[in-house]
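Hi everyone, thanks for making time for this. I'd like to walk you through a structure that is probably new to most of you, so please have it open while I talk.

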Amino acid sequence: MLFNSLSFVVFLVVVLALYYSKIFNWTNKKRILLFASYLFYGLWNPPLVILLWISTVVDWITGKKLATEENQRKRKLWLLLSMFVNLGFLTFFKYRDFLLDNFTTVVNAYGYGYNATPMDIILPMGISFYTFQTMSYTIDMYLKRTERAKTFLDFALYVTFFPQLVAGPIVRATDLISQFYEEKKATVNQFLWGLFLLTLGLFQKVVMADTMLSDTADKVYGADKVLNFWDAWMGTLAFSGQIFFDFAGYSTCAIGIALMLGIILPDNFRYPYGSLGFSDLWRRWHISLSSWLRDYLYIPLGGNRHGIVRMYAALMITMLLGGLWHGAAWTFIVWGGLHGTYLILERLQRQYVPFKITARNGIFLAFITFTFVNITWVFFRAREFKTAWNMLSSMLYMNPEGEKVIGSFDILKVSVIIGILFLCHWFMRNTSVEAVSKKISPIALAFVWASMFFLIAISQGSGEQFIYFQF
Amino acid sequence: MQLKQSLLMAIALSVISLGAWELYWRSQGKTPNLDDNKDLWAVQRAKGNKATADDVILTGSSRVLFDIQLNEWEKETGIRPIQLATAGASPLPIFSDIVNNTNFKGTVLVGVTPPLFFSTTYPLADPWYRAQNRTDYFQKRTYAQRFNHLLSIPLQKNLALISTSEEKWNDNFDLKTLINNIRIGERIPQEMPPFYRFDNIDLDRNVEMTPRTVNDTAFANTHKKVWGFFGKVSPPPDKKSTMDFFVNDAKKFMERGGKIILLRCPSTGGFRMGEKMVTPRAEFWDKLVDTLAVPSYHFEDYEPFKNLDCPEWSHLSAKDARFFTTELVKILKADGALTKSKTN
């Protein structure tokens, strides 16, 4: 089920009505939430709920054993079991065809003439998110960083909680399970703020991503031609805005819906396009994934504890795997590799060419960062390297005679939207929507709220899936 | 924060602004209309899985949609046909879907619009993709999508402002269309003349041409320009592969007891002229009829249909479509092409 659909509106109203009805006690309300979460997922593809169940049961049992088992070898085996199941699912459903394809290419390079048939398996929605979430629980249990979930119901709800099930934020057990122990009820202000965030998230997705930007990005990246400088840049900028509004929109909806239930989810985006450098970017973009990668990959790989070379290697491996997490294709790995390279270069700059960031050079640095982020989006959006190279060469003005595929109005539209987006992120980088809304009058807030709702209503959309669902 | 106050004001402002939006577009002559999208199609396609040997399925392109009126057909035969024709699409993928994915043994009427029927079997070509996309959607649609469609129907039927559509008509007034219609300068040439919606459709996918298309010649001319554009950009027909593909499925269908009726609906003016040049009857329609030897009806062969006029060269007005359907069913019954009729 998609947040931007009529069925979700009905679903949410029913869930809220049951959740706030006085006839159920807290345990039964949690059961209702759990059932609703399975329904939320199952209405897309019922059989794939079984994967969620398996993941839940395996990690519940693993957590239980890790809580009591003192033998280090046995503890490690339990952890490996959990990893095997979760990463096994991920490999089978997401990476099988990619691995097979690469295996075939390598084998055939030696003249074996191997011909494999891709299984073309359906990718379970949100599998990358919920497997990472459950793995964080078992790893934390193994490292004794978290308590075991008190009941199976609490744990199952942690794995399946519908607002963040399919596209995050990837929440740690310590942040979410404990919230299920005592009855939660949103205050009136929390409920209404949650509703505002839901409206804001839908506005970002339906109006900004799907209505204003997606067509331009699709037209440019689907052109299959060597393009003009302006077309290549505008298509990339449009995608840059589209993916931000799409994913941040989902996260904002998720946080808002959870808040309406009295559950607090962590921020996932903090104005990333106003970042000063790439370390800053990754503290602001998809925060729950970058902190996951830092805690469960970068630090275990050695982090910055074993010298510079090892640190850079750990950084690069983390970013390459982070790229692969986004999709089973070499273009995603290159995307991750570029980010890894940027992070390494940034650390070298800090070491050898340090300078102070001031209010004056800050926006310039943010602009440089944003420009380089856009270079990486080319690999993220292009389905093939050929497209990516063509786009990059056009963006570097190497194809002045390239074809024009978008009109002047598209150029104006994208420039204005992305310009405003960049400036918004720059000016908002040390504050929040909530803080700003507290400063403005209730009438101004009402006007903003109504405008967003009006634009959502007249956009309608055709229920486009969120981009991150495919990851 | 005084969120309660803000919410109440926001609700009031939203109701006022959306009410004004609805009234404005109604004052511009817009009325609520269903979207002929893949969901609406899939509901009809689902009926195909339960259809009996008495039932009739209609496939083809937009001419079958506009020209065959389900009410008239039902009045004449007692059976309401299942309308699966798809505008701008080749009927081949949908016919193939019926043959290969159902046990249907009734009658399939296949509308032959030569430039589309004989266009291609290439999966990514538009005429093929438009049809295949619908059959694929039917096979894969989720329960959530079915539920969304169900919930959207009352809104589509009652609110003119629900105007987004799969066809992306230029006179839609959802935000995306309004924005996409803005042009500054001539940086890129206009790809296609504006294409305006000219049908009303009901839940059974019974389509009627709008009165404006019949009465407003300038409006009808905009569609003639669109047909002219398609005529210019369409690749040459691929007779062999399309014929082979269809004949193969048709034989399979007839072997299990199914019946096929081929129908060539009227076209006029420049469209007809273009068809005569690109897909001449003797080389295309007649060859198909000779190969299959099934009941086949070309409008030129029947006196009552010869002089029917298509306001925009390709489809009949609602009034003429009712006449065409009634007369066609009489001919079919007289020929024994429609043997099963609930009124018999």
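Let's start with I257(A), which is buried, with a relative accessible area of 0%. The cut-off for calling a residue buried is under 20%, so I257(A) qualifies. You'll find I257(A) in helix α9 of chain A. Which residues does I257(A) touch, leaving aside those up to four places away in sequence? They are F3(A), F8(A), L12(A), F162(A), P163(A) and L198(A). You can also look for F196(A): 61 residues separate F196(A) from I257(A) in sequence, and the C-alpha atoms of the two are 9.7 Å apart in space.

I should say right away that this is a predicted model, so please listen to the rest with that in mind.

Staying with chain A, let's turn to helix α6, residues 152-160. Is this helix enclosed or open? Eight of its nine residues are buried, so α6(A) is largely enclosed by the rest of the structure. The buried ones are L153(A), D154(A), F155(A), A156(A), L157(A), Y158(A), V159(A) and T160(A). And what covers them? The cover includes α2 (26-42), α3 (49-68), α5 (127-142) and α7 (173-176) of chain A.

Next is α8(A), a helix that will come up several times. Of its 34 residues, 27 are buried, so α8(A) is mostly covered. If you follow α8(A) along, you come to a kink of about 55 degrees, centred on L213(A).

That helix brings us to the second largest pocket, which holds about 1,200 Å³ of space. There are 45 residues in its lining, and the closest to the pocket centre are L200(A), Q204(A), Y271(A), M428(A) and V433(A). Which elements give two or more residues to this lining? In chain A, they are α8 (188-221), α9 (229-260), α16 (408-428), α17 (433-439) and α18 (442-459). The element that gives the most is α8(A), with nine residues. As for the character of the lining, 28 of the residues are nonpolar, eleven are polar and six are charged.

Now for the enclosed spaces. How many cavities of 30 Å³ or more does a search of the whole structure find? The search finds five, and the largest of these cavities has a volume of about 60 Å³. Its lining is made by V220(A), Y221(A), A223(A), D224(A), K225(A), L227(A), K386(A), T387(A), N390(A) and M391(A). Here α8 turns up again: α8 and α15 (385-395) of chain A each supply at least two residues of this lining. The largest share, four residues, comes from α15(A). By class, the lining of the largest cavity has five nonpolar, two polar and three charged residues.

One of those lining residues, D224(A), deserves a second look. D224(A) sits in the loop between α8 and α9 of chain A. As background, most residues other than glycine have a negative phi. D224(A) is not a glycine, yet its phi is positive, about 55 degrees. Is D224(A) buried or exposed? D224(A) is exposed, because its relative accessible area of 60% is over the 50% cut-off.

A second residue to put beside it is Y397(A), in the loop between α15 and α16 of chain A. Y397(A) is not a glycine either, and has a positive phi of about 60 degrees. Y397(A) is exposed as well, with a relative accessible area of 52%.

So far we have stayed within chain A, so let me finish with how chain A meets chain B. In this contact, 49 residues of chain A meet 35 residues of chain B. Between them the two chains bury about 3,700 Å², with 72% of it on carbon and sulfur atoms. On the chain A side, F409(A), I458(A) and Q460(A) lose the most area to chain B, together 16% of what that side buries.

For a view from the other chain, find N148(B), in helix α8 (residues 143-158) of chain B. Not counting residues up to four places away in sequence, N148(B) touches S5(A), L6(A) and S7(A). N148(B) is buried, because its relative accessible area of 19% is under the 20% cut-off. Within chain B, N148(B) and D39(B) are 109 residues apart in sequence, with 9.2 Å between their C-alpha atoms.

That's my tour, and I'm happy to go back to any part of it.

How values were computed. Residues are numbered from 1 along each chain as its sequence is written. Chains are lettered from A and ligands numbered from 1 in the order in which they are written. This is a predicted model: local features need pLDDT of at least 70, side-chain atom pairs count only at pLDDT 80 or more; totals for chains, interfaces and linings use all residues. Side-chain values use heavy atoms; hydrogens and water are left out. On a 1 Å grid over the protein atoms alone, a cavity is a set of points where a 1.4 Å probe fits but cannot get out, and a pocket is an open set with protein on both sides within 12 Å along at least five of seven lines; lining residues have an atom within 4 Å of a point. Grid points are joined across faces, edges and corners, and a volume is the space filled by probe spheres set on the points. Ala, Val, Leu, Ile, Met, Phe, Trp, Tyr, Cys and Pro count as nonpolar, Asp, Glu, Lys and Arg as charged, and the others, Gly among them, as polar. The bend at a residue is the angle between axes fitted to the seven residues ending there and the seven starting there. Buried means under 20% relative accessible area, exposed over 50%, partly exposed in between (1.4 Å probe, protein chains only). Contact means heavy atoms within 4.5 Å. Buried area is the accessible area (1.4 Å probe) that two parts lose on being put together, summed over both.
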